[in-house]
Amino acid sequence: MNFHRRISIARYRYGEQLWGIGLSAPAFILMILLMLGPIALTMLLSLTDWQLGMGNFSWIGLKNYESAVNDPIFWKSLFNTSVYVAVVMTGSIGLGLLLALMINQLSFGKGFYRTLFFLPVMASLVAMTIVWEFLLHPEFGLINQLLTALGGTPNNWLRDEDWALAALCVIGIWHQAGFNMVLFIAGLTAIPKFLYEAADIDGVPPGFSRFRHITWPLLGPVTLFIVVMTAIKAFQVFDTVQILTQGGPSYSSEVLLLTIYKEGFEYFRTGYAAALTVVFLTLVILVTVVKSLFLEKKVKYT
Amino acid sequence: MKRFAVFVLSGLCLTNASHASEKTDLVVQYAYGAIFDSAMTRLKNEFEASHPEIRIQYRAPYESYEDASQKVMREAIINRLPDITMQGINQVRPLVERNIAVDITPFIEQEDNLDEEGYYPAMLDLGRFDNGLYGLPFAISLPAVYYNVDLMEKAGWEGGELPQTWDKVLELAERINYLPESRQGIYYDWDISGNWLLQAPILSQGGQMASEDEQQVSFNDSSGEFALNLLSRMVLDGGMTNMGWDAANASFVVGNTGIVVTTIGRLESISNQVGDLFTLRTGPFPDVKPSGGLPAGGTTLVMLTKDAERQQAAWEFIKFATGSNGATIVVEETGYVPPNMHANTHDLQEFYAMHSNRSVMIGQLPLMLPMYSFPGGNALRITDVIKSHLESIVTGSRVHEPRAVLEDMAHEVQLLMPQ
Amino acid sequence: MGRLQPTLKRWYPELLRHAFLIMLAAVMVMPFIWMVLTSFKPANEIFSNEINWLPGHWALIENYTRALTNTSLIRYMGNGLLVVVAILILQFLVSIPAAYALAKLSFPGRFAMFICVLACLMIPAQAVAIPWYLQLHYVGILDSYWALILPFTLSVFGIFLLRQFFIGIPDDLIDAARMDGMNEFRIIWSVVVPNSIPALISFGIFSVIAHWNDYFWPLIVLNDQDYYTPTLGVVDFRNAESGSDYGALMAAATIVVLPLLVAFLLAQRRFIEGISTAGMK
């Protein structure tokens, strides 16, 4: 390669590098400004006792975290959030898979059902939450009216300590199942038909064992994505709780983000809210990483 | 396209400037639209008529006194405070601590005939901090018991004097609860702003929410037990369910609930809703010991604007609202009682004579004690904690163990007291 | 007749599936149906002790009129539109170049930046809400359209999604453009973008849905009702009504839900394709 060629390649590479840096600079700056920087700021804030609106504050080290550990409301919140995540994940993934399997085997009407089940995902959750509130109305809500008509006992669901969280879980599953269904369908359609034909020849009976040996393993990557996304979204539950129960009755439906919101923006205990945020973030990242690793392993071994 | 661009551009402009005109615009925000809308509208009309150079603009009402407190604190941060705010009578403190409220002592001093003595001391004191006065009471209330006389008679009440003790009230409630035409016997507005209706039974027995030095919780004594036992009995004997105030209101005014205990401030609103459906009577809060009293509820007007010219206008409005003009409006449009002793004992005699349901409160005015608000930055959180414990009784899950609930509540609140 | 039997046997499971799916679908879609039906009913049919499926007396006009006049719903919808469009435009401006650089160019720090993107993907907006609030407060733009728009100009999800897609664009196309003398900037907008319409649409759909339905952030940052987004507007209406005017409330909910629903029904395939491709990658 002669000298001039080398120079122009070098110049080209240099130009490419400049372009690369230039084009990605805005995004990079914004990442520092809007994501990484704020995380650092949150962690710093969590070490103070600052209250929004007050003039001064002091550094109190890990006192906020200590308060959280001693705070029964924090533990209730953590517990409720975990229960919610577990229930909504199982429900929406299970339901999504079931729907996907059924719809995939239909000879007509696939698009119709797909649309119907996807509607809850699309619609404004906040507006639909208000509709759900009406559905759950103790006297005039459809659910209680149907129950009475069928001979059951109506209940004030959202104000019942035993049922408030359950009601929220139902709404959560209702909202997310369609999304998972669509992804599962995509995954199912990607499975090559010849595998099933081979199974036929090999004498693998249709139904559950076919599912176990062919379908499920090949759904691995999609399932991984679904599990992680559903978990993250479930952890972030806020809208429904804030609108319907405000964490009540007696904190039976209190969830982490609601606690953070109340502490930060209703009680103005900013330092404490920051500490709770750090805990929340750690949990989300932990769960995401653990799930990814765990499922990747599973996916690899099949 | 052009209009859209203009719309977009104007939307993105952060203009917050008031127009330069001869009129001074005052932004005022009050609470509890359902209760105060008609009073505030009338106040605005009458004030503007007599003060043509000032224009009053109302923002959407706060949902509750807690909401009022939070909104003002947030607005202080973004510099969008109204000029005057209506806060719960015991919620002035956080505003003073954050330098949001304006001291009105200089304005009072410039008046010759504004008699501070005219205001009930219990009320006025709630606005006093560090030798300054930061709020003037606008409307006062006490807890009252509302009776559906028709249901009571069906339950065997013989008429005459309304029940004077809780035992009698609960007995009646139990009987009403058994009637086929009623859904529940009694509803107690336990989650009203500031745990006011927990303070009521406690103070009535001579108890206190906190110690003098405000370091210790002091309601976990016999007065606290009395209060939680009462709530318990309302659920167990009176058939109270956790329906929330809105539903309870609806239930009472259609005749499904026999007795409700809430602020006398709601009297106008409830009377209007009941209409002619049944006979409505109000009675005093029972069982107040001589050593005790009742927490005065109500609202206070606080000046927030720091602009000298608007302060003058704001003062005019506050003076108008809390003086005799405002007193008449308050009394005629709401169930509240004006803060002016003179008005109550003289000018409004005739009105009270004609409206016996309202006058019941006049007899209880001497029992007024300041409503308590917890100190420090955790006040709002403490209110929530107390509320959640009361709720555990009302939902029924801990209705059989009021003593234990009291202990837990006291313990959790103590953790939040300033050290 | 022998042929009929195997046909029936084949159709039987299919029928069962349809029956099951229809029942489930009815339950899933019930909230929507009930919302719309209630918005047509007068108060006495809503507050009655028996189930009234269809309105006996049509109160459609009254309910919708109240919904539109008691709150500034139109204004809130306008706000929503403004915010959503502004966010999307800014997101495109920031993400497309960055995704292209990460996909096709080599430069120092490229790997580090990609790791940053992955890390940020796990950070939910709520975790950084407090610092965002303080940052906006410091600059003095809380309680404004900018407060609703600025924090979301960065979409790491978008960068990630587009990068994955851009990698799939053949290098030959890009090299050819370079030989034609185009600089990288022009390449992005004349070559890459036209070839990535599906991915851009997917991303656009995600963004619009997410930000039309945003609740947590507007709740924190807005105080002035004039700036309310549709979500805040409909909740505000619910609070103001305190359980008395369900007809108008359901009408308001229907109005808020309608735009996205209609858009979805018209462009279903794109929507679902978009989500599927995102998931598969």
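Let's begin with chain A. Its unreviewed UniProt entry carries the annotation "transmembrane region" for residues 21-47, 83-103, 115-135, 163-186, 218-238 and 272-294 of chain A. Keep in mind that the model you are looking at is predicted.

What do such stretches look like here? Take residues 83-103 of chain A: the span is 100% helix and 0% strand, and its end C-alpha atoms lie 30 Å apart. Residues 163-186 of chain A are 96% helix and 0% strand, with 35 Å between the end C-alpha atoms.

Now let your eye move to where chain A meets chain C. Here 70 residues of chain A are in contact with 70 residues of chain C. On the chain A side, helix α1 (residues 3-45) gives the most, with 19 residues. That side of chain A is made up of 53 nonpolar, 14 polar and three charged residues.

Which residues does A:V131 touch, once its neighbours within four places in sequence are left aside? They are C:P31, C:W34, C:M35, C:M250 and C:A253, so you can follow this one residue of chain A straight to its partners in chain C; two residues count as in contact when their C-beta atoms lie within 7 Å.

A:V131 also has a place in the largest nonpolar core, which holds 163 residues. Within this core, A:A127, A:V131, C:A252 and C:A253 touch the most other members. Helix α4 (residues 73-104) of chain C supplies the largest share of the core, 16 residues. There is also a second, separate core of 126 residues, and B:Y187, B:V217, B:L294 and B:V360 are among them.

Definitions and conventions:
Residues numbered from 1 in each chain as written. Chains lettered and ligands numbered in written order. Predicted model: local features only at pLDDT ≥ 70, side-chain atom pairs only at ≥ 80, totals over all residues. Core = buried A, V, L, I, M, F, W, Y, C linked by C-beta atoms within 7 Å. Buried ≥ 20, exposed ≤ 12 C-beta atoms within 10 Å, placed from the backbone. Helix = DSSP H or I, 4+ residues; strand = E, 2+ residues; numbered from the N terminus. Nonpolar A, V, L, I, M, F, W, Y, C, P; charged D, E, K, R; others polar. UniProt positions renumbered as here; feature names shortened; annotations may be inferred.
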